[in-house]
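Here is a short briefing to read alongside the coordinates. Pull up the structure and follow along, topic by topic.

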Amino acid sequence: MPNKQYRLMIFWGFCALNLCLSKEECTVPQEDETTCGCAATSRRRPESIVEIDEPDDKTTENSLNTAPSFKYSKAVNIVDDSDCTHQMVEIPGGKFIMGTNDPIFHADGEHPARWIEIDTFYMDAHEVSNAEFERFVNANSYKTEAEKFGDSFVLEGELSEAVKSTIQNAVAAAPWWLPVKGANWRHPEGPDSNITDRMDHPVVHVSWNDAVAFCTWMDKRLPTEAEWERACRAGKQERLFSWGNKFTPNNQYRANIWQGTFPKEDTGLDGWAGRCPVTSFPPNGYGLYNMLGNVWEWTNDWWQVSHSPSLETNPRGANAGEDKVKKGGSYMCTKGYCYRYRCAARSQNTPDSSAGNLGFRCAADKLPHYLKKL
Ligand SMILES: *[C@@H]1O[C@H](CO)[C@@H](O)[C@H](O)[C@H]1NC(C)=O
Ligand SMILES: [Ca+2]
Ligand SMILES: [Ca+2]
């Protein structure tokens with residue numbers, strides 16, 4: 001590690017700490033880590049669901065959808081460079097500081113702050129939208145895992161009374177999550193909802209396996225966690241958010257989270273109660289939209305909570321595991337309930353899990369040839 005950079009890092013860290021002490025925005029909430037439902041929406045955690053009336057053996061269906069991508073056609077057949085969606089941004093290679101030495105959630109493995117060296121890569125400018133996902137589904141007659149399982153997790157407050165009355169179970173650690181029959185990407189709030197007027201919103205209720213299938217079809221792949229965090233930080237060292245340490249600089253919202261008392265009422269003070277279109281809010285310094293907030297984003301890495309403090313090059317997470325890493329927080333996050341809309345924050349789900357606040361974006365080593373350089 002070059003000495004100069006190291007000194008600079010300490011200096012910045014010191015400044016940031018001083019700024020934080022004088023600002024309300026930087027006070028750390030005293031959250032009971034066990035009450036957060038961020039990772040509660042997993043299929044293979046039957047102990048987390050109370051009053052299960054679903055047969056557990058459904059989980060074996062997961063094998064149907066592992067490594068499915070080779071079966072599908074290529075996006076190049078229907079996507080051309082006149083299309084302004086699917087655009088990617090070049091993320092410069094180099095060294096950056098991943099994680100933090102001031103973790104909010106120790107159990108999540110947000111620490112330590114560590115130097116990571118990464119190669120140049122490309123990142124989708126925004127979360128994958130319903131319109132984009134629909135093209136993939138139509139071209140491949142693709143069925144998502146939520147459709148195969150027949151249900152997915154929806155925030156209780158988003159359901160109609162009719163749908164709510166049919167549900168008998170909830171997630172023990174997060175009772176606001178309800179497993180809803182017929183909830184999937186086309187019906188995000190259950191069978192009586194649709195996405196007709198929300199084609200520019202992020203696709204949700206997609207599993208990690210679904211995300212891999214989509215990205216592969218697009219001649220892309222999921223980002224590693226390190227790539228995702230590099231992209232989130234947009235060249236800023238040791239900051240909470242992509243743009244700095246203050247969540248609402250100049251009293252402007254830069255990300256879609258929850259205002260009001262969770263889970264009772266989302267006042268939508270930031271302009272959106274619920275999910276927003278994938279290009280809402282100003283992009284970060286690299287030109288990426290909604291890295292923080294709106295929907296959680298799957299990464300390629302298996303979940304682990306201990307990290308080497310020494311320099312690593314293009315790290316890829318654990319070799320194996322039960323959960324995949326998701327990053328960025330969602331429109332359901334508040335500072336008091338789930339302060340995970342920070343670049344260093346992380347959470348996890350099993351690769352077959354899906355929920356109404358979980359989507360993804362793709363990365364690539366090189367720009368797919370059907371895309372123009374931005
Ligand atoms: C889609 O949902 C909207 C809003 O709830 C509703 O007005 C519309 O009739 C629905 N469309 C279809 C095709 O179900
Ligand atoms: Ca919001
Ligand atoms: Ca996001």
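**How two helices cross**

The axes of α2 and α5 cross at roughly 85° and come within 11 Å of each other. Bear in mind that this is a predicted model. The points below begin with that helix pair, move on to the nonpolar cores, and end with two calcium sites.

**The α2 and α5 contact**

- Angles from 65 to 115 degrees count as roughly perpendicular, and α2 and α5 are therefore roughly perpendicular to each other.
- On the α2 side, the contact is made by Glu-132, Phe-133, Arg-135, Phe-136, Ala-139 and Asn-140, which meet Ala-213, Phe-214 and Trp-217 of α5.
- By type, the residues of this contact between α2 and α5 comprise 6 nonpolar, 2 charged and 1 polar.

**The nonpolar cores**

- The largest nonpolar core holds 68 residues, and those with the most contacts inside it are Met-123, Phe-133, Phe-214, Met-332 and Phe-360.
- At least two residues of this core come from each of β2 (88-91), β5 (121-124), α2 (130-140), β6 (151-155), α5 (208-217), α6 (225-233), β9 (296-302) and β14 (363-364).
- The element that gives the most to this core is α5, with 7 residues.
- Beyond its neighbours within four places in sequence, Phe-133 is in contact with Val-128, Thr-144, Trp-185, Val-203, Val-206, Phe-214 and Phe-360.
- Another core, of 8 residues, lies apart from the largest one and includes Leu-159, Ile-167, Ala-170 and Leu-178.

**The calcium ion (ligand 2)**

- Coordination of the calcium ion (ligand 2) comes from Asn-256 (OD1), Ile-257 (O), Asp-270 (OD), Asp-270 (OD) and Trp-272 (O), at 2.2 to 2.5 Å.
- Along the chain, the donors of this ion follow the spacing N-I-x12-D-x1-W.
- Asn-256 and Asp-270 are 14 residues apart, each in the loop between α6 and β9.
- Where does Asn-256 stand, buried or exposed? Its relative accessible area is 0%, so Asn-256 is buried.
- Asp-270 has 8% relative accessibility and therefore counts as buried, the cut-off being under 20%.

**The calcium ion (ligand 3)**

- Which protein donors serve the calcium ion (ligand 3)? They are Glu-127 (OE), Asn-290 (O), Gly-293 (O), Val-295 (O) and Glu-297 (OE), lying 2.4 to 2.6 Å from the ion.
- The spacing of these donor residues in sequence reads E-x162-N-x2-G-x1-V-x1-E.
- Glu-127 sits in the loop between β5 and α2 and Gly-293 in the loop between α6 and β9, so this pair ties together parts that are 166 residues apart in sequence.
- Both Glu-127 and Gly-293 are buried.

Conventions. Residues numbered from 1 in each chain as written. Chains lettered and ligands numbered in written order. Predicted model: local features only at pLDDT ≥ 70, side-chain atom pairs only at ≥ 80, totals over all residues. Heavy atoms only, no water. Core = buried A, V, L, I, M, F, W, Y, C linked by side-chain atoms within 4.5 Å. Buried < 20%, exposed > 50% of the residue type's maximum accessible area, 1.4 Å probe, protein only. Helix = DSSP H or I, 4+ residues; strand = E, 2+ residues; numbered from the N terminus. Contact = heavy atoms within 4.5 Å. Axes fitted to C-alpha atoms, helices over the stretch in contact; angles between N-to-C directions. Parallel < 35°, antiparallel > 145°, perpendicular 65-115°, else oblique. Nonpolar A, V, L, I, M, F, W, Y, C, P; charged D, E, K, R; others polar. Donors = N, O, S within 2.8 Å, 3.2 Å for Na, K, Ca; no water.
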